Amino acid sequence: MEQLTVIDHPLIEHKLTLMRQKQTSTNDFRRLLTEISTLMAYEVLRDIPMHEISIETPMEKTTGRVIDGKKVVIAAVLRAGSQIADGMLTVVPGARIGHIGLYRDPKTQVVVEYYFKMPGDLDERDVVVTDPLLATGHSAVAAVDRLKEYSPRSIKFVCLVASPEGLKIFTEAHPDVAIYTAAVDRELNTDGYILPGIGDAADRVFGTD
């Protein structure tokens with residue numbers, strides 16, 4: 001799958017294994033998710049645009065290359081996508097933050113948007129969508145559908161764990177959007193949870209049931 005990048009660095013694999021364990025505390029789960037997100041940011045932002053500036057070292061004047069972090073938007077899918085955004089902010093503190101609130105109607109199974117707030121001028125910005133899980137794929141598709149209404153320069157989707165089913169749904173809907181994940185798991189169960197998975201990421205981040 002050309003648009004998929006699995007970031008399988010040993011440090012990420014190690015931390016993901018710790019997160020998967022059901023006995024991992026809320027505090028540790030939250031910390032590990034932030035740490036993995038920071039590590040993943042290095043690969044996700046590998047092609048971030050740069051420009052040259054004039055600087056002066058203790059020895060002489062020269063030029064150096066810097067990023068324009070203000071042109072990066074991290075669009076967190078609520079709730080737990082905000083934890084990935086926090087991790088990425090440690091390496092691009094100038095990034096702007098957007099939020100997308102989605103839930104699935106229990107009767108119709110249709111994805112419903114309840115909140116959408118983004119920085120202005122998205123057509124001049126690169127957007128990184130963050131959500132810990134790509135399970136059924138429907139919420140991820142809906143989030144990117146909405147963002148494309150504003151024609152950003154580029155969109156990437158970042159998750160911790162993906163399912164084969166979710167990847168199929170997402171890539172068919174958005175073949176132009178790069179996907180970054182730490183793992184592709186075996187399958188979904190009948191309730192739409194990834195197996196072996198990490199459970200409900202938002203509940204584990206916030207300590208809710």
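Leaving aside neighbours within four places in sequence, which residues is Leu134 in contact with? The exercises below start there.

**Before you begin.** This is a predicted model, in which local features need pLDDT of at least 70 and side-chain atom pairs count only at pLDDT 80 or more, while totals for chains, interfaces and linings use all residues. Residues are numbered from 1 along each chain as its sequence is written, and side-chain values use heavy atoms, with hydrogens and water left out.

**Exercise 1. Describe the surroundings of Leu134.**

Step 1. Fix the term. Contact means heavy atoms within 4.5 Å.

Step 2. List the partners. Beyond four places in sequence, Leu134 touches Ala140, Phe157, Cys159, Val161, Ala162, Ser163, Gly166, Leu167, Phe170 and Ile194.

Step 3. Place the residue. Leu134 belongs to strand β8. Strands (E, at least two residues) and helices (H or I, at least four) are DSSP runs, numbered from the N terminus.

Step 4. Judge the exposure. Leu134 is buried because its relative accessibility is 1%. Buried means under 20% relative accessible area, exposed over 50%, and partly exposed in between (1.4 Å probe, protein chains only).

Step 5. Find the strand partner. Leu134 stands opposite Ala162 in β9. Strands β8 and β9 pair in the parallel sense over two bridges. Two strands pair if DSSP finds at least two bridges between them.

**Exercise 2. Work out how strand β7 is set among its neighbours.**

Step 1. Check burial. Strand β7 covers residues 126–130, and five of its five residues are buried, so the strand is largely enclosed by the rest of the structure.

Step 2. Sort the side chains. Asp126, Val128 and Thr130 point one way, and Val127 and Val129 point the other way. In a regular strand the side chains alternate between the two faces of the sheet.

Step 3. Look at β4. Strands β4 and β7 run parallel, joined by five bridges. Here Ala75 is opposite Val129.

Step 4. Look at β9. Strand β9 (residues 154–162) also pairs with β7 in the parallel sense, over five bridges. Val129 faces Phe157, and Thr130 has Val158 as its bridge partner. Eight of the nine residues of β9 are buried, so β9 is largely enclosed by the rest of the structure.

**Exercise 3. Describe the largest pocket and its lining.**

Step 1. Define it. On a 1 Å grid over the protein atoms alone, a pocket is an open set of points with protein on both sides within 12 Å along at least five of seven lines, where a 1.4 Å probe fits; lining residues have an atom within 4 Å of a point.

Step 2. Give the volume. It is about 880 Å³ for the largest pocket. Grid points are joined across faces, edges and corners, and the volume is the space filled by probe spheres set on the points.

Step 3. Count the lining. The largest pocket has 27 lining residues, and Leu102, Arg104, Ala135, Ser139 and Asp200 lie nearest its centre. Elements giving two or more residues to this lining are β4 (72–78), β5 (96–104), β8 (133–134), α4 (138–148) and α6.

Step 4. Sort by type. The lining holds 16 nonpolar, six polar and five charged residues. Ala, Val, Leu, Ile, Met, Phe, Trp, Tyr, Cys and Pro count as nonpolar, Asp, Glu, Lys and Arg as charged, and the others, Gly among them, as polar.

**Exercise 4. Which residues does the UniProt annotation "binding site" that includes Gly199 cover?**

Step 1. Read the record. The unreviewed entry marks Ile194, Gly199, Asp200 and Ala201. Of these, Ile194, Asp200 and Ala201 are included in the lining of the largest pocket. UniProt positions follow the numbering used here, feature names are shortened, and annotations may be inferred rather than shown by experiment.

Step 2. Inspect Ile194. Ile194 sits in strand β12 (residues 194–195). Ile194 is buried because its relative accessibility is 8%.

Step 3. Inspect Ala201. Ala201 lies in helix α6 (residues 201–206). Ala201 is also buried, at 5% relative accessible area. Beyond four places in sequence, its contacts are Phe29, Ala80, Pro132 and Leu133.

**Exercise 5. Find unusual backbone geometry.**

Step 1. Recall the rule. Most residues other than glycine have a negative phi, and most peptide bonds are trans.

Step 2. Look for cis bonds. One joins Leu78 and Arg79, with omega about 15°. Another joins Leu195 and Pro196, with omega about 0°.

Step 3. Look for positive phi. Asp121 has a phi of about 55°, and Ser151 has one near 50°. Ser151 lies in the loop between α4 and β9.
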